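Please look over the sequence and the three-dimensional structure shown here, and then use the briefing below as a guide to them.

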Amino acid sequence: MMDKKGYDIFYTNHLIMPTNFNLPYEPENYWKRVPLEDERNKILAVAEKKLQMICEDILKGERKIDGTGVVGRLAGALQRKTYWIGNGYKSHFSVSKEKCVNCGLCYRMCPSANISIKEDGEKVFGDKCMLCVKCYNLCPVNAVLICEVSIDDKKYRRYKGPSKEFRPVEYRK
Ligand code: SF4
Ligand code: SF4
């Protein structure tokens with residue numbers, strides 16, 4: 001598609017990053033779990049090393065297109081299927097009134113302005129969700145739920161970013 005638009009794609013590669021998508025889905029271990037800190041750091045260290053290699057390749061002007069073979073295309077198709085399954089979860093977002101501390105972060109960081117806050121403080125999810133799971137992962141008290149079962153945040157761990165210093169982008173005040 002990008003070729004048709006006149007872009008010269010000369011390099012593609014991929015990095016394996018920590019899973020940030022741990023939807024409540026049964027059987028329980030169907031989805032890869034969000035890694036704990038040690039495992040996350042190991043995954044990030046490997047990714048960083050590969051990223052350095054990618055940068056060196058690009059600086060050398062190397063031409064390399066990865067992922068266009070049969071395996072790559074199959075993996076891509078499978079990934080899109082996974083997103084399609086996840087799509088069904090968009091209508092299952094809610095906020096636990098017991099847990100929520102009304103910081104408003106979910107509202108400020110939703111990239112599609114899908115969350116509104118009513119006068120009484122209730123959080124309402126619209127129909128523009130793109131399933132980025134920022135609100136679910138980054139609510140400081142894990143009050144955003146996808147299905148009621150995700151109130152168990154030990155079982156359904158949230159991905160809090162690559163380090164303790166990580167702060168999400170906020171789009172509105
Ligand atoms: S980010 Fe969490 S605690 Fe803050 S308002 Fe949203 S749901 Fe409530
Ligand atoms: S998952 Fe992403 S797009 Fe959907 S409501 Fe949460 S922050 Fe917004």
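The expected span of a helix is 1.5 Å times one less than its number of residues, and helices (H or I, at least four residues) and strands (E, at least two) are DSSP runs, numbered from the N terminus. By that yardstick helix 1, which covers residues 37-59 and has 23 residues, reaches 32 Å from its first C-alpha to its last, close to the 33 Å expected. This is a predicted model, in which local features need pLDDT of at least 70 and side-chain atom pairs count only at pLDDT 80 or more, while totals for chains, interfaces and linings use all residues. Residues are numbered from 1 along each chain as its sequence is written, whereas chains are lettered from A and ligands numbered from 1 in the order in which they are written.

**Confidence**

- The mean pLDDT of the chain (pLDDT being the predictor's confidence in each residue, from 0 to 100) is 89, and 94% of the residues reach 70 or more.
- Among the elements of the chain, helix 3 has the highest mean pLDDT, 98, and helix 2 (residues 70-87) the lowest, 78.
- Where pLDDT is low, the predicted coordinates should not be read in detail.

**Overall layout**

- The chain has four helices and four strands, and read along the sequence they follow the pattern α-α-β-α-β-β-α-β.
- Taken along the principal axes, the C-alpha atoms of the chain fill a box of roughly 55 × 40 × 35 Å.
- Of the 173 residues of the chain, 13% count as buried; a residue is buried if 20 or more other C-beta atoms, placed from the backbone, lie within 10 Å of its own, exposed if 12 or fewer, and partly exposed in between.
- Among contacts between residues at least 6 apart in sequence, 63% join residues at least 24 apart, where two residues are in contact if their C-beta atoms, placed from the backbone, lie within 7 Å.

**The two ligands**

- A residue is near a ligand if its C-beta atom, placed from the backbone, lies within 6 Å of it.
- Around ligand 1 there are 14 residues, of which Cys100, Cys103, Leu105, Cys106 and Cys139 come nearest.
- Ligand 2 also has 14 residues around it, and here Cys110, Asn114, Cys129, Cys132 and Cys135 come nearest.
- The shell around ligand 1 divides into eleven nonpolar, two polar and one charged residues, and the shell around ligand 2 likewise has eleven nonpolar, two polar and one charged; in this scheme Ala, Val, Leu, Ile, Met, Phe, Trp, Tyr, Cys and Pro count as nonpolar, Asp, Glu, Lys and Arg as charged, and the others, Gly among them, as polar.

**The largest nonpolar core**

- A nonpolar core is a set of buried Ala, Val, Leu, Ile, Met, Phe, Trp, Tyr and Cys residues joined through C-beta atoms within 7 Å.
- The largest such core holds 15 residues, and Cys106, Cys135, Tyr136, Cys139 and Val144 touch the most other members.
- Two or more residues of this core come from each of strand 1 (93-95), helix 3 (105-109), helix 4 (134-138) and strand 4 (144-146).
- Leaving aside its neighbours within four places in sequence, Cys135 is in contact with Cys106, Cys110, Ile115 and Val144.

**Positive phi values**

- Most residues other than glycine have a negative phi.
- Val133 is not a glycine, and yet its phi is positive, near 60 degrees; Val133 lies in the loop between strand 3 and helix 4, and counts as buried because it has 20 C-beta neighbours inside 10 Å.
- Cys147, which is not a glycine either, has a positive phi of about 70 degrees, and is found in the segment after strand 4.
- Gly61, just after helix 1, takes a positive phi of about 80 degrees.

**Individual residues in their surroundings**

- Cys132 is found in the loop between strand 3 (123-125) and helix 4, and is partly exposed because 15 other C-beta atoms lie within 10 Å.
- The C-alpha atoms of Cys132 and Met17 are separated by 15 Å, although these residues are 115 apart along the chain.
- In the segment after strand 4 lies Tyr156, which counts as buried because it has 22 C-beta neighbours inside 10 Å.
- Lys154 also lies in the segment after strand 4, but it counts as exposed because it has 6 C-beta neighbours inside 10 Å.
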